[in-house]
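Student: I would like to understand how the descriptive terms for a protein model are justified. May we go through some of them together?

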Amino acid sequence: MRLFRLMRILRTALRAIRRNPMRTALTMLGIIIGVGAVIAMMEIGTGSSNAIAKTIARMGANTLLVLPGAATSGGIGFGAGSSMTLTPQDCDAIIRDCPAVKSAAPLVRARGQIVYQDRNWVPMSIYGTTENYLNVRDWTDMAQGDVFTDKDVRNSTKVCIIGQTIARELFQGSSPIGKEMRVLNISFKVVGVLSSKGANMMGMDQDDIVIAPWTTIKFRVGASSSTSSGTSSSTTSTASSPSQLYPNSQTSLYPVPSDTQTADNPKPVRFTNVDQIVAAANSAAEIPQAIDQMTALLRERHRIRNPKDDDFNIRNMTEMTNALSSTTTLMTKLLLAVALISLIVGGVGIMNIMLVSVTERTREIGLRMAVGARAKDILRQFLIEAVVLCLAGGILGIILGCGGSYLITRFLRWPTETSVPAIVASVIVSASVGIVFGYYPAWKASRLDPIEALRYE
Amino acid sequence: MELIELKNIYKTYYMGDIDVPVLKGITLSISKGEFVALMGASGSGKSTLMNILGCLDHPTSGEYWLEEREISRVSADERANLRNHKIGFVFQNFNLLARTSALENVMMPLSYTHEHVSDKEVKHRAEELLKRVGLGDRLHYEPSKLSGGQQQRVAVARALINRPSVLFADEPTGNLDSKTSEEVLAMFKQLNVEEGITVIIVTHDPNVARHTQRQIHIHDGLIANGQTSQGGSQ
């Protein structure tokens, strides 16, 4: 019974809308343009916002560093990174057990000279790692050649990939692929050249890099396992490498413990450690979860009960993450403001035309009242008319907006992204605009006196 | 057992400080099946009387019995309901919905009826009525495509859709030429004679009133005479 009345009112409203196509089109135009603009803006906005997020993420905003904690001995602290408890197995466990972590790679650092034919160079960084490192850094596109594989890591193969700066300085334009170069006097075959990444936020040239399997750097080149990220050029080489040609060329940073000290602080059997683990969270939003998961996992693996005893530190790029999230919120707020303004403009347009329409249709309203329409029937009819107009306008606007953003992507190549919440919100908002801005004209119509209305010219 | 009974109806309009009495004690009864003309010069109060009779307005005082129910004090919603069920209106300027087919114009009042009438039934009734007023072949014409007389006949069909007890026609021939006027009036008479519908025509034109059985003259808010006329039928 109710449904049948509603259907009838809806039909009456549709008929009234159809009766004056010009007025209908003009009324809807405001909403069509409003919603269309909102949808297009939202799609362009989300697209740009995501593109910006991706760019910032590529700069390393999602990167998390796991550094070994400070070792102390007899009340003497050795500074950050001096503890030697991070293992490659920790890294594997992180990849396996932390769902918020996209990828992780162990890192062993070395520093020294590289030589190719008659040229030499001291790269900013020589990293021993796995192929995951490039995933973590979002640096998977190679200029030439390929990345080394897991097998190379397991076999300590003497292969490496180099950055653009090294390709330029050492190879001077000739293709480095397949060439042999010496890193700290160990011969490495170059299998790939990384694409250019430029300077990082600190102004350091990120292309000045040699990347090799961590096993090779650790066991063949003999990087110091106790090197922290903080220590710079003078790394200690404690691991005796078969290829260490110049022993004592570097001074020892740490005091050699005496026999008594060693006895006082028995260390477990030495296991292979790495200098740090780099990991990437799935997204900037998941960084806190990633940190929590990694902390819990490492505590469990290192058998630490008291958080004070943590033998590791996890660092994130807070500065960059903040920049990222503030960019996103700013964009969202901006878009929301634009959306609201255009919808209000559209709503006022609807109200204007509905008011004119009520005046224009005074006689019709009088007639409807004369044949038995109650005030609330008239109110309902005009309200439903406004809502139907707004909804239809909203749907057309969605089509217009999607089409517009498609064209923009197509011809201007701006990144856009279909935003389902924006579409749903537009439909809801345009219906509410219809109710809010249609109510006053509808109320005015319902308040007409049938006698006056019938006499209206 | 009268269809309409007015007892001492007063209607006063208040315009600021000035009271304007329009109806000054009208007592009147109209039986079922009568064909009545409500006559009077402009300003005599005949329009006001017709608004009250047509449940568009309520009297300041007095009683209005319609089908043995006192309705001078009912609410606006209830009056709307009465207009929908008991009363049909025909206007001087037809008041058809533009760009709406004759059929839909006729069906329109039923969308405000509380009782459920199926769509099929509504359509059937409207078609029957349009056939009866002689527009069976113009069901889907819009008003702009119809002549004045045809438009008025659509309006009559619309007034009859809910089977009202009484049909009010306010200057129904005011906008028509004399030939069409005759046709429309003949149709009213036919409806009155054949269907027994009570018809009340409000007019100032004696030529129109001539067609009716009884003329009621209103003068200065009072009934001048309410006698049954002998010259009603030709």
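Tutor: The questions below set terms against their definitions, for a model that is predicted.

Student: What makes strand 3 of chain B a partner of strand 8 of chain B?

Tutor: Two strands pair if at least two bridges are found between them. Strand 3 (residues 35-39) and strand 8 (residues 214-219) of chain B have four bridges, in the parallel sense, so the criterion of at least two is met. Within this pairing, B:L38 stands opposite B:I216, and the bridge partner of B:M39 is B:H217.

Student: How do you know that strand 3 of chain B also pairs with strand 7 of chain B?

Tutor: Five bridges join these two parallel strands of chain B, and at least two are needed. In strand 7 of chain B, B:I200 is the bridge partner of B:V36.

Student: Why are strand 5 and strand 9 of chain B said to stand at the edges?

Tutor: The open sheet of chain B has six strands in the order 5-6-7-3-8-9, with mixed pairing. Strand 5 (87-90) and strand 9 (222-225) each have a single partner strand, so one side of each is left without a neighbour in the sheet. On average, neighbouring strands of this sheet are turned by 25° against each other, direction ignored.

Student: What packs on this sheet?

Tutor: Helix 6 (residues 178-195) of chain B does, touching strand 3, strand 6 (166-170) and strand 7 (198-203) of chain B. The direction of helix 6 makes about 155° with that of strand 7.

Student: Why is strand 3 of chain B called mostly covered?

Tutor: A residue is buried if 20 or more other C-beta atoms lie within 10 Å of its own. Five of the five residues of strand 3 of chain B are buried. In a regular strand the side chains alternate between the two faces of the sheet. Here B:F35, B:A37 and B:M39 lie on one side and B:V36 and B:L38 on the other, and both faces are covered.

Student: How do you know that the length of helix 13 of chain A agrees with its number of residues?

Tutor: At 1.5 Å a residue, the 27 residues of helix 13 (residues 420-446) should span 39 Å; the end C-alpha atoms are 38 Å apart, which agrees. Helix 13 of chain A nevertheless bends by about 45° at A:Y439, with a proline, A:P441, following within four residues.

Student: How many residues of chain B are in contact with chain A?

Tutor: There are 22, in contact with 20 residues of chain A. Helix 2 (residues 76-86) of chain B supplies the largest share of its side, six residues.

Methods
Residues are numbered from 1 along each chain as its sequence is written. Chains are lettered from A and ligands numbered from 1 in the order in which they are written. This is a predicted model: local features need pLDDT of at least 70, side-chain atom pairs count only at pLDDT 80 or more; totals for chains, interfaces and linings use all residues. Axes are lines fitted to C-alpha atoms, for helices over the stretch in contact, and angles run from 0 to 180 degrees between N-to-C directions. Two residues are in contact if their C-beta atoms, placed from the backbone, lie within 7 Å. The expected span of a helix is 1.5 Å times one less than its number of residues. The bend at a residue is the angle between axes fitted to the seven residues ending there and the seven starting there. A residue is buried if 20 or more other C-beta atoms lie within 10 Å of its own, exposed if 12 or fewer, and partly exposed in between; C-beta atoms are placed from the backbone.
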